[in-house]
Amino acid sequence: MDVLVHDKIVSVRREVAIFGRDKDLDILVHDKAISVRQSVAKHGRPKDLEILIKDDHVSVSYPAHIRYWKQQDDY
């Protein structure tokens, strides 16, 4: 995973976002590829969602908002 998190192929980094460790998500939450950040928004931790809610791309921020508020309602 240490190598894959920095892979040049976007689809590899998207998969790391799904199965990655905390230290991988810390990197991928700021990835330049929108689809990688979308994957983090779909599978990431609450602290990732708090970052992605502020993303410039609605295709990232909207799913992050939905998951964030859904998790808030679960408590």
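These exercises work through salt bridges and buried residues in a predicted model.

Local features need pLDDT of at least 70 and side-chain atom pairs count only at pLDDT 80 or more, while totals for chains, interfaces and linings use all residues. Residues are numbered from 1 along each chain as its sequence is written, and side-chain values use heavy atoms, with hydrogens and water left out.

**Exercise 1. Place Arg 45 and find its contacts outside the local sequence.**

Step 1. Locate the residue. Arg 45 sits in the loop between α3 (34-43) and α4 (46-52). Helices here are DSSP runs of H or I with at least four residues, numbered from the N terminus.

Step 2. Check its accessibility. Arg 45 has a relative accessible area of 14%, so it is buried. Buried means under 20% relative accessible area, exposed over 50%, and partly exposed in between, with a 1.4 Å probe and protein chains only.

Step 3. List the contacts (heavy atoms within 4.5 Å). Neighbours within four places in sequence are set aside; Arg 45 then contacts Asp 22, Leu 25 and Asp 26.

**Exercise 2. Work out which parts of the chain the salt bridges of Arg 45 with Asp 22 and Asp 26 tie together.**

Step 1. Recall the principle. Side chains of opposite charge can pair when their charged atoms come close. The cut-off for a salt bridge is a side-chain nitrogen of Lys or Arg within 4 Å of a carboxyl oxygen of Asp or Glu.

Step 2. Take Asp 22. Its side chain meets that of Arg 45 in a salt bridge at 3.4 Å, N to O. Asp 22 belongs to helix α2 (residues 22-28) and Arg 45 to the α3-α4 loop, so the pair ties together parts 23 residues apart in sequence. Asp 22 is partly exposed, at 48% relative accessible area.

Step 3. Take Asp 26. Here the N to O distance to Arg 45 is 2.7 Å. Asp 26 also lies in helix α2, so this pair ties together parts 19 residues apart in sequence. At 37%, Asp 26 counts as partly exposed.

Step 4. Widen the view. A network of salt bridges links Asp 22, Asp 26, Arg 45, Lys 47 and Asp 48. The structure holds nine salt bridges.

**Exercise 3. Decide whether Arg 37 and Asp 55 are buried or exposed, and describe their pairing.**

Step 1. Get the distance. The closest N and O atoms of this salt bridge are 2.7 Å apart.

Step 2. Place the partners. Arg 37 lies in helix α3 and Asp 55 in the loop between α4 and α5 (58-74), so the bridge ties together parts 18 residues apart in sequence.

Step 3. Read the accessibility. Arg 37 is buried at 8%, and Asp 55 is buried at 16%.

**Exercise 4. Describe the buried residues of α1 and what covers them.**

Step 1. Name them. In helix α1 (residues 10-19), Arg 13, Val 16 and Ala 17 are buried.

Step 2. Look down the axis. The buried residues fall within an arc of 105° (taken from the directions from the helix axis to the C-beta atoms). They therefore line one face of the helix.

Step 3. Find the cover. It includes α2 and α3.

**Exercise 5. Describe the surroundings of Ala 64.**

Step 1. Ala 64 is in helix α5. Its relative accessible area is 0%, so it is buried.

Step 2. Not counting residues up to four places away in sequence, Ala 64 touches Ala 41, Leu 49, Leu 52 and Ile 53.

Technical notes
Helix = DSSP H or I, 4+ residues; strand = E, 2+ residues; numbered from the N terminus.
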